[in-house]
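Hi,

Here is the model I promised to send over. Have a look at it first, and then read on for what turned up.

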Amino acid sequence: MARLIPLLLAIAVAAGDEAVRRDAVLAVALPDGSYDFTLANENGSGSGSDSFDQPWALRLGGRWAWSRPGATWAPVAGADLLARSQGFASGGDLSGYGLSAAAGAVYAPHDRWQLTGEAHLDWLTTDATIDATQLAPGFSASGDATGWGVRIGAQYALSDAWWLGGEVGYGSTSYSLSGDGRELDIDQAGPAFGLTLVWRPVTRPTRFE
């Protein structure tokens, strides 16, 4: 048994492929639309919970891994451009554009598969338009949003350069908006599911010195 354990570990390492990420990544995600809000004006404030209609997020960026020779895993860093849009149930929408920084790891169990995991921090500039109803007038607001999240994913190689995959994660974003004499704070948190398309023009690992 003492000899079997090192042998099994050696087989597991040999079965994997060398971890490589020098990628451009396009991802489309469908986040959970539930949120809590606080709306305030000169006459007071109110709060509640609701859910956005048709929320989506788009991410375009890059990932870079530093690998040791023969290693099936490697640390990864990356950055993305972000775009998000979602509709208010009563009419109107909330949209934002910004940047995200990510760090994590990649594991290559096979030469056609890779598994990824990362944490990310987000910043967006946002605009909201809420349509008028019988109970309240409409208004427009703008401001900033900050968020964080984690996600795991798997990608399959369509060719040496192109990979297709999926991901699942959890994220939290806080919006702070103001306009037309009102202040609107929104806290949105929940799971997200997405599809990823990866382009890898260079397939050689980036080495630790």
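Before anything else, a word on burial: I call a residue buried under 20% relative accessible area, exposed over 50%, and partly exposed in between (1.4 Å probe, protein chains only). This is a predicted model, so please keep in mind that local features need pLDDT of at least 70 and side-chain atom pairs count only at pLDDT 80 or more, while totals for chains, interfaces and linings use all residues. Residues are numbered from 1 along each chain as its sequence is written, and side-chain values use heavy atoms, with hydrogens and water left out.

First, the overall picture. The chain has one helix and eleven strands, where helices (H or I, at least four residues) and strands (E, at least two) are DSSP runs, numbered from the N terminus. The helix comes at the N-terminal end of the order, which reads α-β-β-β-β-β-β-β-β-β-β-β. The chain has 209 residues, and 38% of them count as buried. For contacts (heavy atoms within 4.5 Å), I looked at pairs at least 6 apart in sequence: 66% of these join residues at least 24 apart. The accessible surface comes to about 11,600 Å², with 62% of that belonging to carbon and sulfur atoms; areas come from the Shrake-Rupley method with a 1.4 Å probe, and for residues only the protein chains shown count as cover.

Now the salt bridges. I count a salt bridge when a side-chain nitrogen of Lys or Arg is within 4 Å of a carboxyl oxygen of Asp or Glu. There are nine of them in the structure. One joins aspartate 23 to arginine 21, with 2.8 Å between the closest N and O atoms, and both of these residues are buried.

Another pairs glutamate 167 with arginine 59, at 3.1 Å between the closest N and O atoms. That pair bridges distant parts of the chain: glutamate 167 sits in strand β9 (residues 162–179) and arginine 59 in strand β4 (residues 53–67), 108 residues apart. Glutamate 167 and arginine 59 are buried as well.

Then there is arginine 63, whose side chain meets that of aspartate 80 at 2.8 Å, N to O. Arginine 63 is in strand β4 and aspartate 80 in strand β5 (residues 73–87), so this pair ties together parts 17 residues apart in sequence. Arginine 63 counts as buried because its relative accessibility is 4%, and aspartate 80 is buried at 3%. If you colour one thing in your viewer, I'd suggest the network: salt bridges link Arg59, Arg63, Asp80, Glu118, Arg151 and Glu167.

On the surface, Asp36, Glu183, Asp185 and Asp187 gather in a patch of negative charge. Patches here are made of residues with over 30% relative accessible area and no salt bridge, with like charges joined within 9 Å and nonpolar side chains (Val, Leu, Ile, Met, Phe, Trp, Tyr) within 5 Å. Lys and Arg count as positive and Asp and Glu as negative, while His and the chain ends are not counted; the place of a charge is NZ of Lys, CZ of Arg, CG of Asp or CD of Glu. Strand β10 (residues 182–199) gives the most to the patch, with three residues. Aspartate 36 comes from strand β2 (residues 34–41) and is partly exposed, at 43% relative accessibility.

Two buried spots in the strands are worth a click. Glycine 143, in strand β8 (residues 139–157), is buried at 17% relative accessibility. Leaving out residues up to four places away in sequence, glycine 143 touches Leu124, Thr125, Thr126, Ser176 and Leu177. Its C-alpha atom is 5.3 Å from that of threonine 126, 17 residues away along the chain. Serine 172 lies in strand β9 and is buried, with a relative accessible area of 18%. With the same sequence neighbours left out, serine 172 touches Thr146, Gly147, Trp148, Gln188 and Ala189.

Last, which non-glycine residue in strand β4 has a positive phi? That would be glutamine 54, at about 50°, and glutamine 54 is exposed, with a relative accessible area of 72%. Aspartate 180 also has a positive phi, near 55°. Aspartate 180 is in the loop between β9 and β10 and counts as exposed at 55% relative accessibility.

Cheers
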